[in-house]
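Colleague: Please give me a close account of the strand pairing in this model and of its surroundings. I should also like to know where the prediction ought to be read with caution.

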Amino acid sequence: MKCPVCSAEVAENALFCQQCGAKLPTHYAPASGGAAPAEPPIAPQPTTASTQFRDRLAAGGVTDPHDLHHVLWEGRYSIKAMAGVWVMLLLLTVGAAIVHAIWIHYGWLGWAIFAGTACVVWFYAFSIYLGRHWSVRYQLTTQRFFHETGVFRHTSDRIEVIAMDDITVTQGPLDRLFGTGQIRILSGDHATPDFHIVGIDHVKQVAEIIDEARRAERNRRGVRVESI
């Protein structure tokens with residue numbers, strides 16, 4: 001290769017030019033059509049809800065990241081939030097069937113009564129889930145968190161994202177297994193200073209998205225964000 005100062009021929013691995021003494025660049029590309037050394041590969045970083053949130057704001061599809069109508073997340077009560085109820089009902093149904101088969105002998109009539117009772121109990125539990133699922137709806141935008149309750153008569157309330165002071169996630173043993181749980185939001189909102197989002201799937205990711213939206217809105221308005 002050639003020295004960039006005096007154009008003298010120097011060795012490929014030389015650090016200084018033997019002609020003029022100039023320091024040679026470490027990654028000097030060959031002048032005669034040689035390929036420049038490839039950059040070392042960058043290890044992929046794990047994707048989190050925070051990085052996904054930043055990527056969505058930086059993506060070209062979002063023209064204004066602070067648009068009030070830009071929805072970041074929507075959710076309802078998840079069927080997995082009642083995992084404890086489903087497991088308990090399954091164990092009770094199987095246990096009752098075994099007891100009925102071994103100790104109770106009423107023929108087909110007894111089995112019909114047992115099956116009818118089990119169907120009523122399961123239907124009642126599933127009706128409770130449907131009531132919770134369809135009566136509560138959550139929506140998070142870049143500036144507000146909306147929660148709506150009711151099936152036939154709707155009641156809607158909102159919490160300003162910038163007014164949120166603390167976000168806490170609570171999970172039981174089965175919640176950790178199925179990724180569900182409860183999010184508690186403490187805010188300066190006078191109507192709902194202590195609000196609970198219950199039965200949410202992927203609860204940790206949702207809490208991180210809410211916290212990231214809170215930080216983005218406070219940074220935009222120049223408000224300091226306290227660590228939680």
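Modeller: Two strands are taken to pair if DSSP finds at least two bridges between them; strands (E, at least two residues) and helices (H or I, at least four) are DSSP runs, numbered from the N terminus. The model is predicted, with local features requiring pLDDT of at least 70 and side-chain atom pairs counting only at pLDDT 80 or more, while totals for chains, interfaces and linings use all residues. Residues are numbered from 1 along each chain as its sequence is written, and side-chain values use heavy atoms, leaving out hydrogens and water.

I begin with the sheet that contains the hairpin. Its 4 strands are ordered E1-E2-E3-E4 in an open, antiparallel arrangement. E1 and E4 form the edges, each pairing on one side only. On average, neighbouring strands here are turned by 15 degrees against each other, direction ignored; such angles, from 0 to 180 degrees, are taken between N-to-C directions of axes fitted to C-alpha atoms, for helices over the stretch in contact. E1 and E2 are joined in the antiparallel sense by 5 bridges, and Gly 75 has Tyr 138 of E2 as its bridge partner. Between E3 (residues 144-149) and E4 (residues 155-160), 6 bridges are found; Glu 148 is matched with Ser 156 in E4. The hairpin of E3 and E4 has 5 residues between the strands, and Gly 150 adopts a positive phi near 105 degrees there. Helix H3 (residues 107-135) lies across E1, E2 and E3, at about 35 degrees to E2.

A further open sheet has 3 strands in the order E5-E6-E7, again with antiparallel pairing. Its edge strands are E5 (164-170) and E7 (194-201), each of which pairs on one side only. The average turn between neighbouring strands of this sheet is 20 degrees, direction ignored. E5 is joined to E6 (residues 180-187) by 6 bridges, with Asp 166 opposite Leu 186 of E6 as bridge partner. Helix H5 (residues 203-221) packs on this sheet, touching E5, E6 and E7, and its direction makes about 170 degrees with that of E5.

In the loop between E5 and helix H4 (173-178) lies Gln 171. Its side chain reaches the backbone oxygen of Thr 180 at 2.8 Å. Beyond four places in sequence, the contacts (heavy atoms within 4.5 Å) of Gln 171 include Arg 176, Val 203 and Lys 204. By the same criterion, Ile 183 touches residues including Ile 167, Phe 195, Ile 197, Val 206 and Ile 210.

Ile 183, Ile 197 and Ile 210 are also among the residues with the most contacts inside the 21-residue largest nonpolar core, as are Trp 73 and Tyr 138. Such a core is a set of buried Ala, Val, Leu, Ile, Met, Phe, Trp, Tyr and Cys residues joined through side-chain atoms within 4.5 Å, buried being under 20% relative accessible area (1.4 Å probe, protein chains only). Two or more residues come from each of E1 (71-76), E2 (136-141), E5, E6, E7 and H5, with H5 giving the most, 6 residues.

As to caution, the chain averages a pLDDT (the predictor's confidence in each residue, from 0 to 100) of 80, and 77% of the residues score at least 70. Confidence is highest in E6, at 95, and lowest in helix H1 (residues 49-58), at a mean of 52. Over residues 27-36 pLDDT stays under 50, and the model has 5 contacts beyond four places in sequence for them. Where pLDDT is low, the predicted coordinates should not be read in detail.

Technical notes. Polar contact = N/O pair within 3.5 Å; in protein donor to acceptor, adjacent residues only side chain to side chain. Buried < 20%, exposed > 50% of the residue type's maximum accessible area, 1.4 Å probe, protein only.
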